[in-house]
There are 2 protein chains.
Amino acid sequence: MEIIKPRTLSGFMELLPEKQLRFEKMAQVLRDTYAAYGFTPLDTPAIEDARILLAKGGGETEKQIYRFQKGDSDLALRFDLTVPLAKYVALHYNDLAFPFRRFQISKVYRGERAQRGRFRAFYQADIDIIGDGKLDILNEAEIPAIIYKVFRGFGLTRFQIRVNNRKVLTGFYSMLGLGEKSGDLMRAVDKLDKIGAEKVRLLLTEDCGLTGAQADDVLRFIGIRGTNAQVLAALEGYAGRDPLFDQGLSELKAVTANLAAFGVPEENFALDLTIARGLDYYTGTVYETMLLDHPQIGSVCSGGRYDNLAGYYIDKALPGVGISIGLTRLFYVLDEQGLLNPALPAAPLDALVLPMTGDPAPAIALAEALRSGGLRVQLYGEQKKFKQKLAYADKLGVPFAVLLGEDEIAQGLCSVKNMGTGQQVTLPPMEAAEYIRQNLPGGDVPLILE
Amino acid sequence: MEIIKPRTLSGFMELLPEKQLRFEKMAQVLRDTYAAYGFTPLDTPAIEDARILLAKGGGETEKQIYRFQKGDSDLALRFDLTVPLAKYVALHYNDLAFPFRRFQISKVYRGERAQRGRFRAFYQADIDIIGDGKLDILNEAEIPAIIYKVFRGFGLTRFQIRVNNRKVLTGFYSMLGLGEKSGDLMRAVDKLDKIGAEKVRLLLTEDCGLTGAQADDVLRFIGIRGTNAQVLAALEGYAGRDPLFDQGLSELKAVTANLAAFGVPEENFALDLTIARGLDYYTGTVYETMLLDHPQIGSVCSGGRYDNLAGYYIDKALPGVGISIGLTRLFYVLDEQGLLNPALPAAPLDALVLPMTGDPAPAIALAEALRSGGLRVQLYGEQKKFKQKLAYADKLGVPFAVLLGEDEIAQGLCSVKNMGTGQQVTLPPMEAAEYIRQNLPGGDVPLILE
């Protein structure tokens with residue numbers, strides 16, 4: 001038979017079992033946390049009508065999207081989970097209860113130029129809350145509070161959710177008479193972290209056409225620093241001059257107060273006036289999330305408030321707030337930086353049952369008994385030497401081997417060998433299950449190191 | 001803004017939240033059961049190099065596959081999970097421990113003609129065990145034993161896993177001097193259930209060119225019925241005439257004995273000589289699974305033993321055994337037949353917290369306390385009338401509303417309203433969490449009705 005060399009396309013993550021199990025554990029933290037807040041899981045198709053996905057159209061999306069014909073159909077793969085959500089909500093509007101709270105953890109597809117660490121298929125883990133006509137400001141604190149729980153669930157403490165409000169920014173620019181330029185100004189200011197104040201000043205004066213005085217006003221404003229109370233106090237100094245600014249400030253105060261009520265410590269969230277988010281559909285609160293000891297990674301979780309989710313598909317005002325974690329990229333950079341905790345057990349089983357006699361029936365019954373005790377158990381049925389069986393257990397990183405020879409069978413016992421310490425005890429099956437459960441490594445080990 | 005009518009492509013399942021939650025519960029039974037047997041989760045890409053997916057080529061696959069160009073790349077969407085597994089095992093051969101046990105629950109894509117109940121994207125839930133060179137017969141009993149656990153996990157008892165062995169069939173046809181026709185004969189005989197014995201006899205004589213006597217021999221053989229012991233006894237009557245038949249019979253005996261050891265009751269598995277499975281890569285034990293009260297659905301879970309998983313990609317003998325559930329189709333037919341248990345709770349939350357005062361902080365704290373008690377809780381923050389809040393809870397099917405007014409806040413209590421009975425009790429938050437947990441409906445309710 002002619003052999004075709006196997007390969008996985010570049011830009012597509014395919015993990016070995018040990019890594020995949022770590023990835024699954026991160027996904028499980030996301031699912032459990034989202035579910036604890038009453039979000040419902042959705043699973044929209046990966047393939048949609050291309051005209052629907054491209055309703056908004058424009059720029060990078062058109063270039064990157066995987067689009068193809070099948071028969072007469074003009075098809076495309078989703079490039080995010082927000083457009084399919086908009087379609088879903090518009091299509092099923094009459095069947096949904098609003099506020100509609102959904103999470104979706106699914107792959108999206110973007111045919112980007114191949115680069116190390118850039119993926120063409122990657123998981124997004126999104127939560128959104130969609131209102132019908134209105135949506136209370138309380139939701140704008142709940143979303144980052146949930147993200148706080150997710151990152152704590154990963155075992156992290158050194159992270160910060162940075163919060164701003166687009167109304168505060170737009171209102172401030174209006175005060176300066178620069179309301180029409182606010183989009184360009186936000187994009188320039190967004191670069192502060194990357195290029196520094198001096199270069200931003202150049203962008204503001206040369207590219208955006210501000211006077212030197214206006215540029216200084218802008219830089220002074222986005223330079224506001226301090227505790228959240230200090231930032232809010234400084235913003236009060238601008239109050240009363242623009243209604244949109246005042247509304248944004250009041251929202252920012254509400255979000256700050258409510259985040260504290262959700263139990264998010266001040267060290268894990270910060271008001272940050274430099275954050276604007278590139279996407280122009282955000283209209284209120286916006287978020288970014290930084291790993292404090294790894295700022296070079298950039299934001300690992302971003303989102304915000306928008307006023308009109310599904311205007312392309314339905315003539316209804318559907319405001320919402322949402323946030324997205326690029327899970328594949330996050331996993332990749334954590335792995336690359338050596339931050340995935342090696343102490344986290346990543347074997348697919350808790351115990352490997354090794355039959356030492358010819359008849360498999362007693363070993364089958366033992367394995368079933370251990371499973372009924374809540375363990376993940378593999379029965380090793382291959383005809384191999386004992387040494388090879390133990391080598392298999394070692395290669396998988398199995399914490400316990402359970403040996404069943406004639407003596408054990410005669411006495412209704414089994415021998416439990418701790419593969420880490422080499423220690424061996426002989427016990428009845430249900431006590432063996434309990435013993436293994438008690439001694440399994442790493443129940444509380446954090447997924448990620450700091 | 002111009003409105004584009006939202007739609008989901010035909011042949012692509014997109015569920016409303018209540019149905020999606022039921023689907024997730026079925027998927028969870030699969031994941032938990034597969035994990036309990038030490039299978040490792042895999043997640044191979046949906047997009048692969050088209051030449052790799054089509055290495056085997058031929059027939060329906062070529063027609064149905066979604067294949068497209070992006071830049072210079074010839075890409076395709078996977079049409080099953082077996083070919084990607086073969087690629088994975090060949091590519092990562094040196095990094096895997098054999099026997100390699102993996103499960104994958106992922107969507108596959110087939111551009112079939114649109115028909116009611118036919119899907120173009122559907123979940124397959126596959127388990128496979130791959131050996132390096134050899135694989136013990138024990139695995140051929142373990143696979144259906146796991147499927148037995150899955151269907152019991154769904155709440156079913158009225159199902160039957162039907163088991164046969166291709167070596168028994170091929171060996172039998174060799175005895176009749178029909179070895180070279182065994183493929184055609186198996187395909188004809190496979191239709192027995194659908195078209196009856198008389199028409200199969202016609203196929204055998206007219207299409208396959210058998211003599212009347214040969215056709216009668218075949219029909220007598222596949223007509224063997226009875227308990228598993230009776231079927232094995234009848235097969236003994238053919239023993240000693242063909243070495244392949246004898247090997248198959250010995251395998252069938254081992255599988256039968258081991259299935260009993262795994263605790264699978266005789267009523268849930270049956271030796272059935274009519275089963276051959278269409279695919280020509282099966283070489284030993286083969287399986288189908290029927291819902292006994294719904295035979296018109298056909299097999300809901302099929303698979304078998306093969307000798308060479310990855311011959312297109314690697315020059316190694318990699319025998320395996322696997323089985324696949326077409327989860328999307330199974331879910332669709334169960335739903336269509338009204339077999340999804342309506343008593344199964346399908347709300348995305350256990351309790352909806354309704355603040356009755358202006359300051360949200362006490363309600364936020366209460367919701368967090370209930371979550372820390374293990375409940376899925378939504379805080380309802382919208383400014384609506386009380387009646388509308390309760391209507392929202394009803395629409396979602398929430399079992400408990402938790403009311404927090406000034407009196408409750410003053411006393412450190414909350415009022416728990418059972419939305420089913422209307423009954424209301426006032427308790428401190430942690431006791432409320434315990435009360436709700438104790439009274440949640442349907443913990444042990446089967447997912448599927450019989």
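**Figure 1. Shared contact surface of chains A and B in the predicted model.** Of the interface residues of chain A, 100% are also interface residues in chain B, so the two copies meet through the same surface. In this predicted model, 78 residues of chain A are in contact with 78 residues of chain B. Helix α1 of chain A (residues 17-36) supplies the largest share of the side of chain A that touches chain B, namely six residues. Sorted by class, the side of chain A that touches chain B comprises 44 nonpolar, 14 polar and 20 charged residues.

**Figure 2. Symmetry relation between chain A and chain B.** Two copies of a chain are related by a rotation about an axis and a shift along it. Here, a turn of 180 degrees with a shift of 0.0 Å along the axis lays chain A on chain B, with an RMSD of 0.1 Å. This is the relation of a two-fold axis. Within chain A, A:F68 has the C-alpha nearest the axis, at 3.0 Å from it.

**Figure 3. Three-stranded sheet of chain A.** The strands of this open sheet follow the order β2-β4-β3, and their pairing is antiparallel. The edges are occupied by β2 (47-49) and β3 (67-70) of chain A; each has a single partner strand, so one side of each is left without a neighbour in the sheet. From one strand to the next, the twist averages 40 degrees. Three bridges pair β2(A) with strand β4 (residues 73-77) of chain A in the antiparallel sense. A:E48 stands opposite A:A76, a residue of β4(A).

**Figure 4. Packing of helices α8 and α9 in chain A.** Two packed helices are described by the angle between their axes and the distance between the axes. For helix α8 (residues 192-207) and helix α9 (residues 212-222) of chain A, the angle is about 155 degrees and the axes are 8 Å apart. An angle over 145 degrees counts as roughly antiparallel, and α8(A) is therefore roughly antiparallel to α9(A). The crossing in which α8(A) passes α9(A) is right-handed. On the side of α8(A), the contact is made by A:L192, A:A197, A:V200, A:R201, A:L204 and A:T205, and on the side of α9(A) by A:G212, A:A215, A:V218, A:L219 and A:I222. Eight residues of the contact between α8(A) and α9(A) are nonpolar, two are polar and one is charged.

**Figure 5. Crossing of helices α5 and α11 in chain A.** Helix α5 (residues 138-153) and helix α11 (residues 243-261) of chain A cross at roughly 45 degrees, and their axes come within 8 Å. The helices α5(A) and α11(A) are therefore oblique to each other. The crossing of α5(A) and α11(A) is right-handed. Helix α5(A) contributes A:L138, A:E140, A:A141, A:P144 and A:A145 to the contact, while α11(A) contributes A:E251, A:V255, A:N258 and A:L259. By class, the residues of the contact of α5(A) with α11(A) are six nonpolar, one polar and two charged.

**Figure 6. Five-stranded sheet of chain B with helix α16 across it.** This open sheet has the strand order β13-β12-β14-β15-β16, and its pairing is mixed. At the edges stand β13 (377-379) and β16 (424-427) of chain B, each with a single partner strand, so one side of each is left without a neighbour in the sheet. With direction ignored, neighbouring strands of the sheet are turned against each other by 25 degrees on average. Strands β14 (residues 400-404) and β15 (residues 414-418) of chain B run antiparallel and are joined by four bridges. The bridge partner of B:V402 in β15(B) is B:V416. Helix α16 (residues 429-439) of chain B lies across β12 (351-355), β14, β15 and β16 of chain B. Relative to β15(B), helix α16 runs at about 10 degrees.

**Figure 7. Cis peptide bonds preceding A:P99 and B:P99.** Most peptide bonds are trans. In chain A, however, A:F98 and A:P99 are joined by a cis peptide bond, with omega of about 0 degrees. The residue A:P99 is placed in the loop between α4 (82-91) and β5 (100-109) of chain A. In chain B, a cis peptide bond with omega of about 0 degrees joins B:F98 and B:P99. The loop that holds B:P99 lies between α4 (82-91) and β5 (100-109) of chain B.

Technical notes
Residues are numbered from 1 along each chain as its sequence is written. Chains are lettered from A and ligands numbered from 1 in the order in which they are written. This is a predicted model: local features need pLDDT of at least 70, side-chain atom pairs count only at pLDDT 80 or more; totals for chains, interfaces and linings use all residues. Copies are superposed by least squares on the C-alpha atoms of residues with pLDDT of at least 70 in both. Two residues are in contact if their C-beta atoms, placed from the backbone, lie within 7 Å. Helices (H or I, at least four residues) and strands (E, at least two) are DSSP runs, numbered from the N terminus. Ala, Val, Leu, Ile, Met, Phe, Trp, Tyr, Cys and Pro count as nonpolar, Asp, Glu, Lys and Arg as charged, and the others, Gly among them, as polar. Axes are lines fitted to C-alpha atoms, for helices over the stretch in contact, and angles run from 0 to 180 degrees between N-to-C directions. Angles under 35 degrees count as roughly parallel, over 145 as roughly antiparallel, 65 to 115 as roughly perpendicular and the rest as oblique. A crossing is left-handed if the near helix is turned anticlockwise from the far one by less than a right angle, and right-handed if clockwise. Two strands pair if DSSP finds at least two bridges between them.
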